[in-house]
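Work through the exercises below with the model open. Try each task before you read its solution.

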Amino acid sequence: MSLDVSPKLLAEAEQGDIREEDFVDTVRASLPYAYDLIASLAEELKGGTAEFTDNQTPPPSETERGQLLRALASDAIRGSLERHFGVALAFQNCHRVAAFRPESVDGGTYARFTSVRSQVLNQSPEFRDC
């Protein structure tokens, strides 16, 4: 299970739409490694002038790696985190997540980062089992 959904949030979802802030709070509590990593990338991006910031450090354990994979594999979670932090996320391998300025998504840097060539060049044997 990806998220620890409170009975209150579940009941609200069963009745109709829920507030995205409540969903993001659930993500923060359920996937703290992923949330904190993306928060730090967004903060670093907003504090600088680069088109993107990225993480190249593997998670400390498979638990944290699983959190990151679950967060980025879900369109709802990923989209909510992008809107919450005001970034566009891109993902390679098992841990290389990047935060881009939303206006950079149509640019060359984003296109290179998300290209199949870049994906192939960013492979190594230690990523095969992640």
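Axes here are lines fitted to C-alpha atoms, for helices over the stretch in contact, and angles run from 0 to 180 degrees between N-to-C directions. Keep in mind that this is a predicted model.

**Exercise 1. The crossing of two helices**

Find how the axes of helix α2 and helix α5 cross, and list the residues that make the contact.

Solution.
- Locate the helices: α2 covers residues 20-30 and α5 covers residues 75-85.
- Take the axes. They come within 10 Å and cross at roughly 110°.
- Classify the angle. Values of 65 to 115 degrees count as roughly perpendicular. That makes α2 roughly perpendicular to α5.
- List the residues. From α2 come Glu20, Phe23, Val24, Val27 and Arg28. From α5 come Ala76, Ile77, Ser80, Leu81, Arg83 and His84.
- Sort the residues of this contact: six are nonpolar, two polar and three charged.

**Exercise 2. The buried side of α5**

State which residues of α5 are buried and what covers them.

Solution.
- Pick out the buried residues of α5: Ile77, Gly79, Ser80, Leu81 and Phe85.
- Look at the cover. It includes α2, α3 and α4.
- Step just past the helix. Glycine 86 has a positive phi of about 70° there.

**Exercise 3. The sheet and its helices**

Work out the strand order, the edge strands and the helices that lie against the strands.

Solution.
- Read the order. Three strands form an open sheet, β1-β3-β2, with antiparallel pairing.
- Find the edges. β1 (52-54) and β2 (88-92) each have a single partner strand, so one side of each lacks a neighbour in the sheet.
- Note the twist, which averages 20° from one strand to the next.
- Follow one pair. Five bridges join β2 to β3 (residues 96-100). Alanine 88 sits opposite phenylalanine 100 in β3.
- Add α3 (residues 32-46). This helix packs on the sheet and touches β1, β2 and β3. Its direction makes about 40° with that of β3.
- Add α4 (residues 62-73). This helix lies across β2 and β3, at about 125° to β2.

**Exercise 4. A loop residue**

Is asparagine 55 buried or exposed? Describe its surroundings too.

Solution.
- Place asparagine 55: it is in the loop between β1 and α4.
- Apply the cut-off. Buried means under 20% relative accessible area. Asparagine 55 has 10% relative accessibility, so it counts as buried.
- Trace the side chain of asparagine 55. It reaches the backbone oxygen of threonine 57 at 3.0 Å.
- Leave aside neighbours within four places in sequence. Asparagine 55 then contacts Tyr33, Leu37, Leu41, His95, Arg96 and Val97.

Notes. Residues numbered from 1 in each chain as written. Predicted model: local features only at pLDDT ≥ 70, side-chain atom pairs only at ≥ 80, totals over all residues. Heavy atoms only, no water. Helix = DSSP H or I, 4+ residues; strand = E, 2+ residues; numbered from the N terminus. Parallel < 35°, antiparallel > 145°, perpendicular 65-115°, else oblique. Contact = heavy atoms within 4.5 Å. Nonpolar A, V, L, I, M, F, W, Y, C, P; charged D, E, K, R; others polar. Pairing = 2+ DSSP bridges. Buried < 20%, exposed > 50% of the residue type's maximum accessible area, 1.4 Å probe, protein only. Polar contact = N/O pair within 3.5 Å; in protein donor to acceptor, adjacent residues only side chain to side chain.
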